[in-house]
Amino acid sequence: MGTGELSTLLAWGAVTAYAIALVAFSIDLARLADGLARPAEALGGRGQAAAAGDTVAAGAGAAGTTTMTPVATPVGTTSADLAGPSGDDGPEAAGGPGRSRRAVGVAMATTTLGLGLHVLAAVLRGIAAGRVPWANMYEFTLVGTLVAVATFLALCRRRDVRFLGSLVVGLVLIALGVGLAAFYVPADAVEPALQSYWLVIHVSIATIATGLLTVSFAASALQLLKDSRDRGSARLSAARWRLLDALPSTRDLEALSFRINAVGFVLWTFTIMAGAVWAEHAWGRYWGWDPKEVWSFVVWVVYAAYLHARTTRGWSGRRAAWFVLVGYATVIFNFTGVNLFFQGLHSYSGL
Amino acid sequence: MSEDYRPDGHAGGPYAETEPGAATPVALPRLGFVGTLRWTWRQLTSMRVALMLLMLLAVVAVPGSVLPQRPQDPAAVARYLADNPGLAPWLDRLGFFDVYASVWFSAVYILLFVSLVGCIVPRTRVHLRAVRARPPRTPRRFDRFPARGSAVVDAAPEEVVGAARRSLTGSVGLLPRFRVDDAVEAGGARTVAAERGYLRESGNLLFHLALLGILVSVATGQMLHYRGQALVVEGRGFANAVTDYDTFEAGTAFDPRSLVPFTLTLDEFTAEFTTDAAASPRDFVADVTVTEPGAEESVTSIRVNHPLTVGGAKVYLMGNGYAPELTVHDAAGELAFAGTVPFVPEDAQYLSRGVVKVPDVSTGEQVGLVGYLLPTAEVTESGARSVYPQPFDPLLVLTVWSGDLGLDDGVPQNVYELETTEMTQVLEEDGTPTTILVGLGETVELPGGLGTLTWDGLPRFMAVDLRYDPALPWILAFSIAALVGLSVSLFTPRRRLWLRVTEQDGRTVVDGAALARGDDLGLDGELDRVMDAVRALDGR
Ligand code: HEM
């Protein structure tokens, strides 16, 4: 078996690990939600979680609503968790009163294993092709999803955002699966237009930005769902949405999403600028409204609008979160739709 | 307005909780003419409108990626017009085939930038005052602040204040982390007031100003730039003069006399492809000799991604192909044509299409040859095709026309198309066009007694773009400024911090509070750091 095939095999291995992790993350969320449904038991539990966590867990569980104060964070992630290292909280403590979170342990372990395979797959792909492994659509998917998982795991080291696991790993699973099934091309060297160190700079930053925007999209999506439930939306008040109560407050979710989006936006800005410099070298103009350029611009403008929305009276919170959803949709379209439907200079998909 | 200027609709002052207030009801003002103007201006420079204009900009940019665009691909626009006779002319009238120069697209971004100017001018004025401001006085009560802390130490109050100061200012004296003031209150308590993050607004203003800078430099570049395309065959040269370009366009402020008259000769062109059936390109190198006026000849090369800088302009390698060297003798045996004819590659195997026009015949009718060049030909029953882009077994497959080429009526013609209205094709007896196959080095009879054709050689050509845009360094500089400003404004925390130091029962009690602008996950840590520095006094 050649290096290229080995890389593909490892990528499938990562997909498998992520699939297991997804199941485990979902079980964990479901258990958390169950825990919330029994506030009495929760209060009678170990009580070793932070005081704020305890009281609110009861309140949220009983009333099914959450206040909007920053300390009003239900189980798992107190404001303190969001702010500082969660190292000394074992899975038990973070799991909320009286509930073991064994499933999330399994989920984190398999995600980490998946990431290991994923990294190996990317490295071998690079070796097989004799260049950086992000020059066509399949490789971009491979590395972009890698960044999303790595971002998620890195965030987990600093604060407890394991509740994002099911969404992030779920998105990664879909993307990587589609990448392997539909975008796959054998490893090979690249055409002259791509032979430039800008491939290393421009595309790697774009990949990282996309990975980050994926994670913040997950946070904003959860924020909207939770907000709807908190407001007593009929559709989301069903019992199976109870797991939303297990999440941090909408305010914390919004803050988390914003912090990641801010980094993502700066990197996206850099991506566009580096792309313009590269276009100057390769195509003789820094900007030509090529479909990929148009959509990168659209992405940028939507996220700029998001940043303004957050500081505009009456537009922060829920409305701002919608901008993230729209923004992420444009990111995904820029990656898939533009490569597959439009004719342009950016036809690097290799398909 | 207070010292915190914010555009209309902006949520609160800099330290307001981010909790959205109810949107202020729009009070309908009594409008005179001036009133209307002022009201419009206030609306335009409000955050709400900036936000909507941004979203609108995203929306109006989209059609340009869906519909073919004239500046990028005029042929595709023509096709689209032909295919959609109902709708397309309307789209055309509304500027949908040149979106980014259309009135509506321009209107949106110009309004946005007007709004931007209206927004940053007052903000800059206010900020220039604010950067010199001192931290606000220590509030009487700390209990409403999100971050609080306290410590009881044995160190004297003055020492506590000193330690807090050192901790807040940081080790880099010239770039203090916090701006710190201390004071003694009427009751004898000492206070420390500190503020950091002035750079946040500076960064934000830098960012918005830099965007303006980018817009202005791009526009200036548009006025001063020129861009030309030329096709140079191996062994031939090219001189930098407007007439030597195949196409040339320049901005309104461009002066043709400013072209530096350098010459550029293509010595050799090398192309490499993978050896598999896909024949993916791997490398293109154009070895050239450049002569600038008053300078020695210099030998250099142009590659994709590595343009050549000469005479202030840049030369980009945009394409390549073959230009067979052909000789035609007419029916009388006189030399009618000798030269290279570029054939334009149409697929990855360099199946290339070209036209040979022979107007200068000594007798009879003018001759036109149309057809294909196959670098590595494979001829089968069903026809001929090229199987590899390198010239391993080149073949010309041509059909022949005679008549009037239409070159003399003064209408400019496309060199890659044959104007056949005044010409007739030479046909076989069964009515199919007569096809001639020519190998490299061969001479063949043209059908219909039109003369002979000799294929003497197969040089390559390169297609280059020459481009001059003096705004490039400015655009780059403003872009970098924008990126720096953006990062500073997004990642600089804005915090205020206060301490009150009192003596109680012979010990020193330190109370602290901190407030941040917006969500700030590091606020508690910041206060803890100061408190720890104070507590460390006892541990000495
Ligand atoms: C070309 C159009 C514009 C773009 C691309 C743009 C982009 C941005 C970006 C990316 C930020 C984020 C930086 C930060 O949050 O500190 C920002 C912030 C800001 N922008 Fe703009 N902007 C534009 C126009 C405007 C206009 C017209 C206004 C005024 C009405 C405005 C007012 C502001 C303000 C006040 C902030 C700071 C928000 C805060 O308080 O954090 N911008 N802008």
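This report describes the surroundings of the ligand and one domain contact in chain B.

The model is predicted: local features need pLDDT of at least 70, side-chain atom pairs count only at pLDDT 80 or more, and totals for chains, interfaces and linings use all residues. Residues are numbered from 1 along each chain as its sequence is written, chains are lettered from A and ligands numbered from 1 in the order in which they are written, and side-chain values use heavy atoms, with hydrogens and water left out.

The ligand lies between chains A and B. It is surrounded by 26 residues, each with a heavy atom within 4 Å of it. The closest are His308(A), Cys119(B), His208(B), Ser489(B) and Arg517(B). The table lists distances from ligand atoms to polar side-chain atoms; a polar contact is a pair of N or O atoms within 3.5 Å.

| Residue | Ligand atom | Distance |
|---|---|---|
| His308(A) | nitrogen | 2.6 Å |
| Asn204(B) | oxygen | 3.0 Å |
| His208(B) | nitrogen | 2.7 Å |

By class, the shell around the ligand holds 14 nonpolar, nine polar and three charged residues; Ala, Val, Leu, Ile, Met, Phe, Trp, Tyr, Cys and Pro count as nonpolar, Asp, Glu, Lys and Arg as charged, and the others, Gly among them, as polar. At least three shell residues come from each of domain 1 (1-30) and domain 2 (33-130) of chain B, with bounds from an automatic or database domain assignment.

Between these two domains of chain B, about 970 Å² is buried, 61% of it from carbon and sulfur atoms; buried area is the accessible area (1.4 Å probe) that two parts lose on being put together, summed over both. The side of domain 1 of chain B that touches domain 2 of chain B has three nonpolar, two polar and three charged residues.

Notes:
Polar contact = N/O pair within 3.5 Å; in protein donor to acceptor, adjacent residues only side chain to side chain.
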